[in-house]
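Work through the exercises below with the sequence and the model open side by side. Try each task before you read its solution.

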Amino acid sequence: LLNTPDSDHIQSLLYNLLGIEDITESWARRGKNREGARNTLDEFMERRHEIAHGALVESEPVKVDVKRFHEFLSRTVSQTDRRVGNLLKSILGSEVW
């Protein structure tokens, strides 16, 4: 499922493991709704897949691309972590991390 991660695979994984209906709801942020965040993640992951597997890409990644990916992914992971943490806290009655 995560050998080729994208928003659909992540959503499916978290639904199957934890029952979270739509994790992408937590990915919205100022200037980017959840659908925009899904699309951005999928575009970045497709680009990463192409580079990792030696596909011909239109242009080499530059530092600004890598920084944008890192910033976007860090925020998305934080938002996912918060949503999962809140769910586990509601189930277990205490903070889990």
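**Exercise 1. A glutamine in a helix**

Task: Decide whether Gln79 is buried or exposed, and find what it touches beyond its sequence neighbours.

Solution: The model is a predicted one.
- Step 1. Take the relative accessibility of Gln79, which is 8%.
- Step 2. Compare that value with the cut-off: buried means under 20%. Gln79 therefore counts as buried.
- Step 3. Place the residue: Gln79 belongs to helix H3.
- Step 4. Set aside neighbours within four places in sequence. Gln79 is then in contact with Ser26, Trp27, Ala28 and Arg29.

**Exercise 2. The overall layout**

Task: State how many helices and strands the protein chain has, and describe its overall dimensions and surface.

Solution:
- Step 1. Count the elements. There are three helices and zero strands.
- Step 2. Read them along the sequence. The pattern is α-α-α.
- Step 3. Take the extent of the C-alpha trace. Along the principal axes it spans about 50 × 30 × 25 Å.
- Step 4. Check burial. Of the 97 residues, 24% count as buried.
- Step 5. Turn to the surface. The chain exposes about 6900 Å², and carbon and sulfur atoms supply 52% of that area.
- Step 6. Consider contacts between residues at least 6 apart in sequence. Of these, 51% join residues at least 24 apart.

**Exercise 3. The two faces of H1**

Task: Find which residues of H1 are buried, and explain why they lie on the same side of the helix.

Solution:
- Step 1. Locate the helix. H1 runs over residues 7–18, twelve in number. From first C-alpha to last it reaches 16 Å, close to the 16 Å expected at 1.5 Å a residue.
- Step 2. List the buried positions of H1: Ser7, Gln11 and Leu14.
- Step 3. Look at their directions around the axis. They cover an arc of only 70 degrees, so they sit on the same side of H1.
- Step 4. Turn to the other side of H1. Asn16 and Leu17 are exposed there.
- Step 5. Ask what covers the buried residues. The cover includes helix H2 (34–52) and helix H3 (63–92).
- Step 6. Inspect both ends. At the start of H1, a side-chain oxygen of Asp6 comes to within 3.1 Å of the backbone nitrogen of Asp8. After H1 comes Gly19, with a positive phi near 80 degrees.

**Exercise 4. A threonine in the loop**

Task: Describe the surroundings of Thr24, which lies in the loop between H1 and H2.

Solution:
- Step 1. Check accessibility. Thr24 is at 0% relative accessibility, so it counts as buried.
- Step 2. Find its contacts, leaving aside neighbours within four places in sequence. They are Gln11, Arg34 and Arg38.
- Step 3. Look for a polar contact. The side chains of Thr24 and Asp22 make one at 2.4 Å.
- Step 4. Gauge one distance across the model. The C-alpha atoms of Thr24 and Arg47 are 20 Å apart, with these positions 23 residues apart along the chain.

**Exercise 5. Aromatic pairs**

Task: Search the whole structure for aromatic pairs and classify their geometry.

Solution:
- Step 1. Run the search. It returns two pairs.
- Step 2. Classify Phe44 and Phe69. Their ring centres are 5.1 Å apart and their planes meet at 65 degrees, so this pair is edge-to-face.
- Step 3. Place that pair. Phe44 is in helix H2 and Phe69 is in helix H3, 25 residues apart.
- Step 4. Classify Phe44 and Phe72. Here the centres are 5.8 Å apart and the planes are at 45 degrees, so the pair is tilted.
- Step 5. Place this second pair. It links Phe44 in H2 with Phe72 in H3, 28 residues apart.
- Step 6. Compare accessibilities with the cut-offs. Phe44, at 15%, counts as buried. Phe72, at 7%, is also buried. Phe69, at 22%, counts as partly exposed.
- Step 7. Join the pairs. Phe44, Phe69 and Phe72 form one aromatic cluster.

**Exercise 6. The span of H3**

Task: Test the length of H3 against the expected span, then list its buried residues.

Solution:
- Step 1. Work out the expectation. At 1.5 Å a residue, the 30 residues of H3 should span 44 Å.
- Step 2. Compare with the model. The end C-alpha atoms are 42 Å apart, which agrees.
- Step 3. List the buried residues of H3: Phe72, Thr76, Gln79, Thr80, Val84, Gly85 and Leu88.
- Step 4. Find their partners. These buried residues pack against H1 and H2.
- Step 5. Look just past the helix. Gly93 has a positive phi of about 85 degrees.

Definitions and conventions:
Residues numbered from 1 in each chain as written. Heavy atoms only, no water. Helix = DSSP H or I, 4+ residues; strand = E, 2+ residues; numbered from the N terminus. Expected span 1.5 Å × (residues − 1). Buried < 20%, exposed > 50% of the residue type's maximum accessible area, 1.4 Å probe, protein only. Arc of directions from axis to C-beta. Contact = heavy atoms within 4.5 Å. Polar contact = N/O pair within 3.5 Å; in protein donor to acceptor, adjacent residues only side chain to side chain. Phe/Tyr/Trp six-rings, centres within 6.5 Å; stacked < 30°, edge-to-face > 60°. Areas by Shrake-Rupley, 256 points an atom, 1.4 Å probe, with all protein chains shown as cover.
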